[in-house]
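User: I have a structure open and need a hand reading it. Can we go through it step by step?
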Amino acid sequence: MTIPLVIDTDTAQDDCVAILVGLLTPEADLRGITMVAGNVGFDRQVRNAFMTLNVADRLGEVPIYLGNRQPLVRPWVSAENVHGDGAGGLDMDFSGCEPEAEHAVDALLRMADEAAGELSIVAIGPLTNLAMAVRKRPEFASQVKHLVVMGGSNNARGNITAAAEFNFYVDPEAAKIVFDAGFTITVVPWAPLTLQQAVFGRDVLEQIAGIDTPLARFFTRVCSATLAFDESVGIPGTTHPDSLSAAVLLRPELITRSAQYNVDIETGSELTRGYAAMSWGVHGLAPNATVVEEIDAAGFQKFLLDLLARTTTPPRDLGL
Ligand code: BDR
Ligand code: CA
């Protein structure tokens, strides 16, 4: 049985890999990509998504919907210092690559209707589009079968500030709305999970370079900018929280430990803006999310490497 799926993304680096997971995993029925302001310039993100469709030879098959170009109430903050253009300088001929006219928020609501309770969403950017969808139609939360959110840290350090992870920092009000809305949520946190179990070191990256398919070459290029940044801040490789989020939806057996938490987002303080308070049972708060605490890291790595080993014939030259 296939899983009807939307990926809500700020497409750069690992977002591209997450889209590949949605495109190439047999169980996934990727019905749309919705774009949200986040990592790099909005139009650049859209081009990165089209290049990702191209490398998977799915150009023209999966619609891209443009969502919010700004967080709900705050100015956009980018991560261009981390990601560069988000695609390692790749480029292609974009003629005829047109996003849909329908707004991403309307597309999310429509696709939830069409899937009749079966739609899953992997949200790997700031949660602006999803918050807007809930504001427009509160029942949207109960129409979505499963929402996987990449964001926050589970009682551990942030990345854009000491307290906050990037996706929640950029639009904390949106994140708060989404966690209050009643979705069935699984959270893939930045720390400790991603840092401990979803980092690909130089040895793994060399293996991927050795695969030498268009997908593997694409992976190497889009991850190149972040590799340099990550190593400069002491992370021994490239980080893969977004592709892990897509993977755990489609392959839940990769989760080896998780627990129920109450997740709430700080919006009042500048110092801790976007901090995710992940409260476990002892605090007596009603759980609103399952937080992934541990994965089968070797299984996840194998899952991605097998995917990158598939042969595709990209219709447009990417200069790979
Ligand atoms: C998150 O922020 C982005 O830079 C990544 O794509 C990921 O979604 C990690 O904090
Ligand atoms: Ca992302």
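Analyst: A definition to start with: a polar contact is a pair of N or O atoms within 3.5 Å; within protein, one must be able to donate a hydrogen and the other to accept it, and residues adjacent in sequence count only if both atoms are side-chain atoms. This is a predicted model, where local features need pLDDT of at least 70, side-chain atom pairs count only at pLDDT 80 or more, and totals for chains, interfaces and linings use all residues. Residues are numbered from 1 along each chain as its sequence is written, chains are lettered from A and ligands numbered from 1 in the order in which they are written, and side-chain values use heavy atoms, with hydrogens and water left out.

User: How far is an oxygen atom of ligand 1 from an N or O atom in the side chain of asparagine 39?
Analyst: The distance is 2.7 Å. For the side chain of aspartate 242, an N or O atom is 2.6 Å from an oxygen of ligand 1, and for asparagine 167 the value is 3.1 Å.

User: Which residues are around ligand 1?
Analyst: Among them are His83, Met150, Phe166 and Trp190, where near means a heavy atom within 4 Å. The shell divides into 4 nonpolar, 4 polar and 3 charged residues. Here Ala, Val, Leu, Ile, Met, Phe, Trp, Tyr, Cys and Pro count as nonpolar, Asp, Glu, Lys and Arg as charged, and the others, Gly among them, as polar.

User: Now the metal. What coordinates the calcium ion (ligand 2)?
Analyst: The donors are Asp10 (OD), Asp15 (OD) twice, Ile124 (O) and Asp242 (OD), at 2.2 to 2.7 Å. Donors are N, O and S atoms within 2.8 Å of the metal (3.2 Å for Na, K and Ca); water is not among the atoms, so sites may look incomplete.

User: How are the donor residues spaced in sequence?
Analyst: The pattern is D-x4-D-x108-I-x117-D. Isoleucine 124 is in the loop between strand S4 (120–123) and helix H5 (128–136), and aspartate 242 is in helix H12 (residues 241–250), so this pair ties together parts 118 residues apart in sequence. Helices (H or I, at least four residues) and strands (E, at least two) are DSSP runs, numbered from the N terminus.

User: Different topic: which peptide bond is cis?
Analyst: The one from alanine 191 to proline 192, with omega near 0°. Proline 192 is in helix H9 (residues 190–197).
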